[in-house]
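This report walks through one protein chain, from a single residue to the arrangement of its helices. Please keep the sequence and the 3D view at hand while reading.

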Amino acid sequence: MAQTPWTQTPLGQLSLGAAVVCAGAAVWLLGGRHSGARRARLLLAGGGVVGAGPPAGDRWAARLRLLRERVRPEWWSLVAGLVLGVLGASVLPVVAGAAGVPLLRQVRLANEMRRGRERRGDAVIALCGALAGEVRAGRQPGEALLSAVHDSGGLGETQAAVLAAARFGGDVPGALAGAARQPGADGLLGLAACWRVAVDQGAGLAAGLDRLEGALRAERDQRADLRAQLAGARSTAVMLAGLPALGLLLGFALGADPLHVLLHTGPGFGCLLIGGLLEGLGMWWAMRIVRGAEAV
């Protein structure tokens, strides 16, 4: 009885179609979609010959930057699942890769929020320093705040309210307290208190701002030092999480077929399921310990 070629089976056709989709997406992302528009811009800008352009190395670097901008990092989970699905002739890696997309998206959004908090904290420190310098230079507090806010730009969406309060004699401490509700901008509460004390009781605004800036800077440096100490533990957890992939590569190097064992045999699938659950639980627990240490 003749054996049906693997590429003619439903599973083989699905895997082949996934490979074709991956290749087509890569070609589309690497710049084929806007090549005509780029050539038109080159002609209109007086660039000369249409075929002329930057060196090949620069073109590839630009395409790689464009690829990183278009494709969010979490989508590489689906790409890896498609590749493993083609290599292992199974749809399970594709399903796992698709399930990993929302999880990795949450991780990316959490990292972006953390970086946003850090940027706002740095901007508040810069605002305190700039405002103290403007006040020492002899400017009125309202004018000094206007100049300092424009220079720092760290108030985000509430910057317009603070500027309006400072320009038209409104409730500046209230506007600063409202801006302090943004993540990472809680140092503005101290600035609002300094402003209120300086206006109501005639205390020196510059001296209070100097002390506030020193306290915020010391707190930021402490967090940075703690994060640097925890970087080793985080790296160790990530390295241990990557050991199963190293085991698969060693299996391929020794001539075995670990993907077939894991995806097409009962014991292998059981090991894959239990190992995946333990891997996820271990990563969650390790990251929970690290985040708890950072929050102290």
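In which helix does Val261 lie? In this predicted model, Val261 is part of helix 12, which covers residues 258–264.

## Surroundings of Val261

With a relative accessibility of 43%, Val261 falls between the limits of 20% for buried and 50% for exposed, and Val261 therefore counts as partly exposed. When its neighbours within four places in sequence are left aside, the residues in contact with Val261 are Gly268 and Phe269. A further reference point is Leu272, eleven residues away along the chain, whose C-alpha atom is separated from that of Val261 by 9.5 Å.

## The chain as a whole

The secondary structure of the protein chain consists of 13 helices and zero strands, so that, read from the N terminus, the order of elements is α-α-α-α-α-α-α-α-α-α-α-α-α. The chain has 296 residues, and 26% of them count as buried.

The accessible surface amounts to about 18500 Å², and carbon and sulfur atoms contribute 66% of that area. Among the contacts in the chain with a separation of 6 or more, 56% join residues that are 24 or more positions apart.

## Helix 10 against helix 13

Helix 10, spanning residues 205–241, and helix 13, spanning residues 266–295, have axes that come within 10 Å of each other and cross at roughly 180 degrees. Because an angle over 145 degrees counts as roughly antiparallel, helix 10 and helix 13 are roughly antiparallel to each other. On the side of helix 10, the contact is made by Leu226, Arg227, Leu230, Arg234, Ala237, Leu240 and Ala241, while helix 13 contributes Glu279, Met283, Ala286, Met287, Val290, Ala293 and Glu294. Sorted by class, this contact between helix 10 and helix 13 holds ten nonpolar and four charged residues, with no polar ones.

## Helix 7 and its buried face

Which residues of helix 7 are buried? In this helix, made up of residues 159–167, the buried positions are Gln159, Val162, Leu163, Ala165 and Ala166. Viewed down the axis of helix 7, these buried residues fall within an arc of 165 degrees, and they therefore line one face of the helix.

The buried residues of helix 7 pack against two helices, namely helix 6 (141–152) and helix 8 (172–179). After helix 7 comes Gly169, a residue with a positive phi near 70 degrees.

## Ala89 and Arg108

Ala89 is located in the loop that runs between helix 4 (75–88) and helix 5 (92–136). Its phi is near 55 degrees, which is a positive value in a residue other than glycine. Is Ala89 buried or exposed? At 14% relative accessibility, Ala89 is under the 20% limit and so counts as buried.

Arg108 belongs to helix 5, and because its relative accessibility is 14%, this arginine counts as buried. Apart from neighbours within four places in sequence, Arg108 is in contact with Arg72, Pro73 and Glu74.

How values were computed:
Residues are numbered from 1 along each chain as its sequence is written. This is a predicted model: local features need pLDDT of at least 70, side-chain atom pairs count only at pLDDT 80 or more; totals for chains, interfaces and linings use all residues. Side-chain values use heavy atoms; hydrogens and water are left out. Axes are lines fitted to C-alpha atoms, for helices over the stretch in contact, and angles run from 0 to 180 degrees between N-to-C directions. Helices (H or I, at least four residues) and strands (E, at least two) are DSSP runs, numbered from the N terminus. Angles under 35 degrees count as roughly parallel, over 145 as roughly antiparallel, 65 to 115 as roughly perpendicular and the rest as oblique. Contact means heavy atoms within 4.5 Å. Ala, Val, Leu, Ile, Met, Phe, Trp, Tyr, Cys and Pro count as nonpolar, Asp, Glu, Lys and Arg as charged, and the others, Gly among them, as polar. Buried means under 20% relative accessible area, exposed over 50%, partly exposed in between (1.4 Å probe, protein chains only). Accessible areas come from the Shrake-Rupley method with a 1.4 Å probe; for residues, only the protein chains shown count as cover. The arc is that of the directions from the helix axis to the C-beta atoms.
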